[in-house]
Amino acid sequence: MRLSLRFVLPLVLVLAAFAYAIVPLVDQLTLRWFVRDMDIRAELIANTIAEPLLEQVASGSKAKTAAFFMRITQDERLYAIGYCAGATGAPLASTLLPGDIRCDNLARFEGAGDHVLKSASGPLHVAVKRLSSGGLAEGKLVLVHDMSFVERRSEETRRYVFYFFAGLAAAISLITVVIAQLAWRGWVQGMRALLRGNARPDQPEIKSAHPEFRPIARDLQRLIHDLESEARSRDEGQTTWTAESLRAILQGELRGEDIIIVSNREPYIHQQKGEHIEVQRPASGLVTAMEPIMRACSGTWIAHGSGSADRAVVDAHDHVQVPPEKPAYQIRRLWLTPEEEAGYYFGFANEGLWPLCHIAHVRPTFRSADWAHYEAVNRKFARAVVEESKTPAPIVLVQDYHFALLPRMIRALLPEATVIMFWHIPWPNPESFSICPWREQIVDGMLGSSILGFHTQSHCNNFVDTVDRLLEARVDRESYRVSLGGHVTAVRRYPISIDWPPGPEMVGKPVADCRAEIRAKNDLPHDHAIGIGVDRLDYTKGIVERFRAIERLMELKPEWIGRFSFIQIAAPTRSSIEEYQSHEAQVRALAARINERFSPSGRAGPPPIILKIEHHEQWQVYEHYRAADVCFVSSLHDGMNLVAKEFIAARDDERGVLVLSQFTGAARELPEALIVNPYDAGQCAAALHLALTMTETEQRDRMRLMRRLVGEFNVYRWAGRMLLDAAIMRRRGRLPELAAVATSGGSNG
Ligand code: F6P
């Protein structure tokens with residue numbers, strides 16, 4: 001309304017000024033016309049009555065002339081008439097002839113000039129005509145016309161002019177307001193949509209205003225880009241990311257949109273233990289990383305319900321609220337038949353893809369029956385994603401190698417979804433990957449993602465090289481974007497991390513107490529040195545190599561015999577796979593042999609290796625981290641390895657040394673650890689000795705640097721970076737004509 005007034009008011013004012021200026025002009029013009037008419041009329045009357053009047057005058061009968069004048073002045077316009085025979089004296093006249101008109105002042109009414117005479121009864125028009133006719137008398141005829149009708153007409157004209165301009169103003173205002181409102185509404189809606197970031201090129205207002213929008217949209221995009229870069233640099237400058245920062249991103253950048261996570265492993269497993277149900281937290285890096293994210297952003301976590309009591313605790317829609325002590329989000333459980341689990345999880349995922357992606361010298365096994373199950377289970381999860389999404393464009397975080405086909409399937413069912421796939425394990429070089437019989441389908445399935453994340457740049461490089469080798473896709477190596485069938489996937493490096501800072505339930509117990517308790521539980525003397533290893537019992541973790549390094553340490557530095565024990569916590573995993581069974585047997589046998597060889601006092605003293613193949617709760621794991629002098633991570637190949645980061649997080653006393661395999665993603669971020677080649681037992685033994693003899697000052701210096709890094713690059717930052725990139729992508733993808741620009745900009749990092 002205010003906008004319309006802004007148009008209408010000036011318009012009305014301009015038209016009123018016009019009307020004001022025009023009325024006197026119109027008045028003058030009409031007066032001139034009427035005077036001219038009067039002149040013509042007077043001429044006509046004079047010509048008509050000249051002869052009879054002169055005859056009357058010549059006859060000398062003043063009474064007859066007066067009667068003649070009375071007859072003529074019956075005409076309503078002719079006000080009075082007079083006749084002057086000479087240049088002086090009173091005129092012979094009808095009764096109403098004004099006294100101002102005398103025979104001696106007629107000159108002013110002759111010829112051109114002002115013939116209007118103001119009188120008490122209104123304006124009069126006075127015309128003087130010379131009369132002559134051969135032989136008859138001569139004189140001047142005075143014709144006086146009443147002009148009061150001119151005033152009336154002029155009044156009427158003014159009124160018409162006023163109505164005309166008022167009508168014109170109303171009509172123009174109406175048209176202007178309607179057009180302005182229509183155009184403005186479209187503009188405003190389009191602008192709003194652009195600014196909110198949810199404009200779609202097919203939106204009518206965007207489409208209709210397309211050419212006009214183009215330059216503005218471009219400017220806006222630049223503006224958004226600048227703001228985003230500013231926000232990014234603020235993020236870089238932000239030292240500690242927290243659950244709060246993540247929530248702020250979700251509510252600000254993503255306007256509170258629901259997040260769906262899909263993973264095979266569920267974060268809480270309900271197990272039947274006799275009469276009661278126990279809740280277990282699985283030993284999984286994926287769960288360690290994703291769980292705090294879900295607590296921060298709520299949403300739904302879709303996962304395989306693998307616990308013996310999982311069905312007993314879900315509602316009618318297979319949902320269960322977690323964490324049990326303080327529900328913050330829900331798990332949607334999917335049920336798999338034993339055949340499906342055997343084919344999809346144990347078979348294709350863990351006997352095929354797992355060894356394929358890890359260079360750990362275990363041959364992958366590919367069976368077409370497993371592949372069929374893998375495909376079918378991926379489809380089952382895709383349907384669950386559709387069931388759980390509240391909008392047609394959810395943000396779906398697909399986790400890991402169990403779901404290589406899922407991004408493409410989700411895209412087919414929910415084309416507007418933003419699918420972020422994170423591949424938690426390494427990606428091998430194209431030669432190694434190409435031994436997989438379904439290599440093209442796997443890579444194609446992953447390219448259904450909007451963003452595809454790996455832990456390290458070399459995994460991104462290997463993936464992009466693999467795409468280049470296998471598919472007819474366009475690979476942009478500058479921006480690390482892959483276009484396939486019109487869809488673009490950004491391939492990015494997002495090094496995963498852990499929750500920071502750890503809660504009091506993890507680090508609440510003093511280090512000295514942790515040490516005392518662990519020593520007491522394991523019958524170790526009070527000054528005994530402790531090493532710690534925490535892994536799933538998986539051949540990629542290099543547990544065998546780790547034990548060989550400990551054996552070598554005892555060989556090279558026998559002073560550690562009876563003074564140092566290495567506690568290996570090994571969570572049972574994938575035990576129905578043969579390779580894992582033989583690996584467990586090998587680990588047990590090796591530990592037994594080394595203990596046999598190096599236990600002091602005929603096996604009565606503390607053994608070099610304390611092997612605990614059982615599930616441990618997270619707080620128990622942290623107690624061990626805090627008790628240890630050294631933590632040894634010897635993976636033969638690992639995407640990241642979060643044990644290394646957990647150990648650092650546990651050591652708020654800034655003590656303890658990390659010995660870390662060079663084949664973990666973590667080694668690229670933690671150069672202050674003692675970096676080793678796990679295949680080189682001698683080198684590892686030397687590193688262990690160095691760690692056990694390191695001065696407290698050096699321990700503190702190293703630990704401080706590592707703690708600063710893990711604190712800054714924690715799991716909230718990891719998730720926040722992905723979600724921010726997704727938010728930018730969603731906003732850009734919706735700008736008109738700019739989808740193309742969106743596919744070419746951005747950085748890989
Ligand atoms: O390393 C890949 C990964 O998904 C980890 O994130 C996790 O620790 C592990 O595998 C889980 O394995 P599973 O779910 O088979 O026990």
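In this predicted model, Leu-723 makes contacts with Leu-246, Ile-249, Leu-250, Leu-254, Ile-259, Ile-395, Leu-397 and Ile-420, when residues up to four places away in sequence are not counted. Leu-723 is also listed, together with Tyr-625, Leu-658, Leu-660, Leu-670 and Trp-718, among the residues with the most contacts inside the largest nonpolar core, which comprises 77 residues. The element that gives the most to this core is helix H23, spanning residues 715–734, from which 9 residues are drawn. Because residues of both domain 3 (257–493) and domain 4 (505–713) take part in this core, it lies between the two domains. A second core, separate from the one just described, contains 64 residues, including Phe-346, Trp-354, Phe-403 and Trp-423. In soluble globular proteins, nonpolar side chains tend to be buried together.

A polar residue, Ser-449, was examined in the same manner. Ser-449 is located in the loop that connects helix H13 (439–446) with strand E14 (451–454), and it counts as buried because its relative accessibility is 0%, where buried means under 20%. With residues up to four places away in sequence again left out, Ser-449 touches Pro-407, Arg-411, Val-419, Met-421, His-487, Val-488 and Thr-489. The side chain of Ser-449 additionally reaches the backbone oxygen of Met-446, at 2.5 Å. As for its position relative to Val-398, Ser-449 is 51 residues away in sequence, while the C-alpha atoms of the two residues are 8.8 Å apart in space.

Key: Residues numbered from 1 in each chain as written. Predicted model: local features only at pLDDT ≥ 70, side-chain atom pairs only at ≥ 80, totals over all residues. Heavy atoms only, no water. Core = buried A, V, L, I, M, F, W, Y, C linked by side-chain atoms within 4.5 Å. Buried < 20%, exposed > 50% of the residue type's maximum accessible area, 1.4 Å probe, protein only. Helix = DSSP H or I, 4+ residues; strand = E, 2+ residues; numbered from the N terminus. Domains from an automatic or database assignment. Contact = heavy atoms within 4.5 Å. Polar contact = N/O pair within 3.5 Å; in protein donor to acceptor, adjacent residues only side chain to side chain.
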